[in-house]
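Visitor: I should like to learn how side-chain contacts and pockets are read in a structure of this kind. Where might one begin?

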Amino acid sequence: MAGSLALQSSQWFPSHVQVTVLRARGLRAKGKHNSSDAFAIIQLGKERYCTSVLEQSRDPEWKEECVFEVLPDWLLDGEGGGHGAGKELLITIMHRSLLAMDKFLGQLALPLAATYRHKTSRKPE
């Protein structure tokens, strides 16, 4: 544990991550008119952000941004054994249903440590 703290104090870690939800493509039709009323839920730890609902689209474009606080041990790739080891940014796409429960359309999990380490995963498609 002391070695992990020494490692953290000698390295710089970002305190926040900015997420831009651009679009989704080829979503399954879950609503009327062979389309979906899609929205995205972005979650990191206990923080959540929901995009607006784009009605009657199978290729929604949100272009919405949100910011989440990041703790340093979330970026250590499990090597420190901290509570944040293995944290993932979770993006879930749902279909808004007014009369029943919302329906699952898809999900993407981005491991924070790998994204931070490679720094090339800035704009996954």
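Guide: One may begin with a single side chain: Glu61 has a relative accessible area of 47%, so it counts as partly exposed, the class that lies between buried, under 20%, and exposed, over 50%. Please keep in mind that this is a predicted model.

Visitor: With which residue does Glu61 form a salt bridge?

Guide: The partner is Lys63, and the closest N and O atoms are 3.7 Å apart. The cut-off for such a contact is 4 Å between a side-chain nitrogen of Lys or Arg and a carboxyl oxygen of Asp or Glu. Lys63 itself is exposed, its relative accessible area being 60%.

Visitor: How many salt bridges does the structure hold?

Guide: There are two. The other pair to examine is Arg96 with Asp102, whose side chains meet at 2.8 Å, N to O. Arg96 is partly exposed, at 33% relative accessible area, and Asp102 is likewise partly exposed, at 26%.

Visitor: Over which ring does the charged end of Arg96 sit?

Guide: The ring belongs to Phe39, and the charged end of Arg96 lies 4.3 Å from its centre. Arg96 therefore takes part in two kinds of contact, the salt bridge with Asp102 and the placement over Phe39, where the cut-off is 6 Å from CZ of Arg to the ring centre.

Visitor: How many aromatic pairs does the structure hold?

Guide: The number of aromatic pairs is zero.

Visitor: Let us turn to pockets. How much space lies in the second largest pocket?

Guide: Its volume is about 330 Å³. The lining consists of 15 residues, and those closest to the centre of the pocket are Asp37, His95, Arg96, Ser97 and Leu98. Arg96, already met in the salt bridge with Asp102, thus appears again here.

Visitor: Which strands each supply at least two residues of that lining?

Guide: Strand E2 (36-44) and strand E4 (54-57) do so. Sorted by class, the lining comprises seven polar, four charged and four nonpolar residues.

Visitor: How many helices and strands are there in the chain, and in what order do the elements run?

Guide: The chain has two helices and seven strands. Read from the N terminus, the order is α-β-β-β-β-β-β-β-α.

Visitor: What share of the residues of the chain counts as buried?

Guide: Of the 125 residues, 32% are counted as buried.

Key
Residues are numbered from 1 along each chain as its sequence is written. This is a predicted model: local features need pLDDT of at least 70, side-chain atom pairs count only at pLDDT 80 or more; totals for chains, interfaces and linings use all residues. Side-chain values use heavy atoms; hydrogens and water are left out. Buried means under 20% relative accessible area, exposed over 50%, partly exposed in between (1.4 Å probe, protein chains only). Rings of Phe, Tyr and Trp (its six-membered ring) pair if their centres lie within 6.5 Å; planes under 30 degrees apart count as stacked, over 60 as edge-to-face and the rest as tilted. A charge sits over a ring if NZ of Lys or CZ of Arg is within 6 Å of the ring centre and within 35 degrees of the ring normal. On a 1 Å grid over the protein atoms alone, a cavity is a set of points where a 1.4 Å probe fits but cannot get out, and a pocket is an open set with protein on both sides within 12 Å along at least five of seven lines; lining residues have an atom within 4 Å of a point. Grid points are joined across faces, edges and corners, and a volume is the space filled by probe spheres set on the points. Helices (H or I, at least four residues) and strands (E, at least two) are DSSP runs, numbered from the N terminus. Ala, Val, Leu, Ile, Met, Phe, Trp, Tyr, Cys and Pro count as nonpolar, Asp, Glu, Lys and Arg as charged, and the others, Gly among them, as polar.
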